[in-house]
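User: Please take a close look at the largest pocket of this protein chain, and set it in the context of the fold around it. A connected account would be preferred to a list.

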Amino acid sequence: MATELQHPDSMPCHNRQVNSTSPSPDHLLADDPILDHAEGNNAAMAKLTLLPGHSHSNGLSERDSQACVLSERDSQACSSTNLNSENHSDSRECGNYDAPVGESLLGDCELSRQIGAQLKLLPMNDQIRELQTIIRDKTASRGDFMFSADRLIRLVVEEGLNQLPYKECMVTTPTGHKYEGVKFEKGNCGVSIMRSGEAMEQGLRDCCRSIRIGKILIQSDEETQRAKVYYAKFPPDIYRRKVLLMYPILSTGNTVIEAVKVLIEHGVQPSVIILLSLFSTPHGAKSIIQEFPEITILTTEVHPVAPTHFGQKYFGTD
């Protein structure tokens, strides 16, 4: 099940993403703080060691004192690494490179505070991390890229289905026994934002064979550079359905915001929209939820650098 970001854990969060460079206005809002988990953890260790009110707090051993000093040095080292990484941020291409090891980390607890509980992350594991790595690797072949992307899409779609309503039911097994199970309620559909959203359609059809899928085409106007809707085709009764909105990369969030506005014009409430995404920036996710607080966003990673080459490489136009 997806991680619901509602109860911050006192331990470091498991699903941490490497923060790239010093975030630009295009990726993060000006008042968005980024938590440095490495520095925060070391500082917490020092505070725990010197916590007042304990019988041994005034009589630290030499070994404990050295540990505190090392913790402070580690914190300073992490801060120094972050500052050095910011000085070289301009030399990286956004979307083609992942953040180097040693920069600050953004975890679930901080995301919950910054963005809200409507953002849900797939529980991180080595399998998902490898798929993310292959997709971000500029040297990966198109075959490996598509294979990894399809696998990651399938995981997101499966978790997206878990967000849909269901009801209990009773069935009879071949041996004549009764089994209490569940089945999903009818009235769901998919909507892909063209073109990259179409890469997720097959993954949805593999899980729901007869599901209806609508399409929205949104492009930036050449003169105003604002997102403009050029095409929209939905099931006629979409206003009565739960909508799985598919768009793999959330960078600024403007395209999704325009797509949701079109759905609202067709009678769809934001509370029944589940946005399925592979990668998101903090700014993109926050912009969408600020515009539509009731929408649900499901993704695998929130990182300041999004793999914006996804659509071109998946469809072979890079």
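Analyst: Of the 318 residues in the protein chain, 44% count as buried. The model is a predicted one, and the chain in it contains nine helices and 15 strands. Among contacts with a separation of 6 or more, 70% join residues that stand 24 or more positions apart. The chain exposes about 17200 Å², of which carbon and sulfur atoms supply 49%.

The pocket itself comes next. A probe the size of a water molecule, rolled over the atoms, shows where empty space is left. The largest pocket holds about 620 Å³ of space. Its lining comprises 23 residues, and those closest to the centre are Ser196, Ile218, Tyr247, Ile249 and Thr255. Two or more lining residues come from each of strand β8 (212-220), strand β11 (249-250), helix α7 (254-265) and helix α9 (310-314). Strand β8 provides the largest share, with four residues. In terms of class, 12 of the lining residues are polar, nine are nonpolar and two are charged.

The second largest pocket offers a point of reference, with a volume of about 380 Å³. It is lined by 16 residues, and Phe184, Glu185, Lys186, Asn188 and Cys208 are the closest to its centre. Here the lining divides into seven charged, six nonpolar and three polar residues.

Two of the elements that line the largest pocket, α7 and β8, also appear in the interior packing. In soluble globular proteins, nonpolar side chains tend to be buried together. The largest nonpolar core of this chain has 30 residues, and Leu245, Val256 and Leu263 touch the most other members. Two or more of the core residues come from each of β4 (119-121), β7 (188-194), β8, β10 (242-246), α7, β12 (273-276) and α8 (282-291). Helix α7 gives the largest share of this core, six residues. Beyond its neighbours within four places in sequence, Val256 is in contact with Ile193, Leu245, Tyr247, Leu250, Leu275 and Ile288. Of these partners, Tyr247 is also one of the residues closest to the centre of the largest pocket. A second, separate core of 29 residues includes Ile128, Val157, Phe279 and Phe310.

Helix α9, another contributor to the pocket lining, contains Lys313. Lys313 has a relative accessible area of 7% and is therefore buried, as the limit is under 20%. Setting aside residues up to four places away in sequence, Lys313 touches Asp137, Lys138, Ala140, Ser141, Arg142, Phe145 and Asp318.

Helix α5 (residues 142-162) includes Met146. Met146 and Tyr314 are 168 residues apart in sequence, yet their C-alpha atoms are 5.8 Å apart in space. With a relative accessible area of 22%, Met146 is partly exposed. Ser148 is also found in helix α5, but this residue counts as buried, at 3% relative accessibility. Outside its neighbours within four places in sequence, Ser148 is in contact with Leu131, Ile134 and Ile135.

Key. Residues numbered from 1 in each chain as written. Predicted model: local features only at pLDDT ≥ 70, side-chain atom pairs only at ≥ 80, totals over all residues. Heavy atoms only, no water. 1 Å grid on protein atoms, 1.4 Å probe; cavity = no way out; pocket = protein on both sides within 12 Å on 5 of 7 lines; lining within 4 Å. Points joined across faces, edges and corners; volume = space filled by probe spheres on them. Nonpolar A, V, L, I, M, F, W, Y, C, P; charged D, E, K, R; others polar. Buried < 20%, exposed > 50% of the residue type's maximum accessible area, 1.4 Å probe, protein only. Contact = heavy atoms within 4.5 Å. Areas by Shrake-Rupley, 256 points an atom, 1.4 Å probe, with all protein chains shown as cover. Core = buried A, V, L, I, M, F, W, Y, C linked by side-chain atoms within 4.5 Å.
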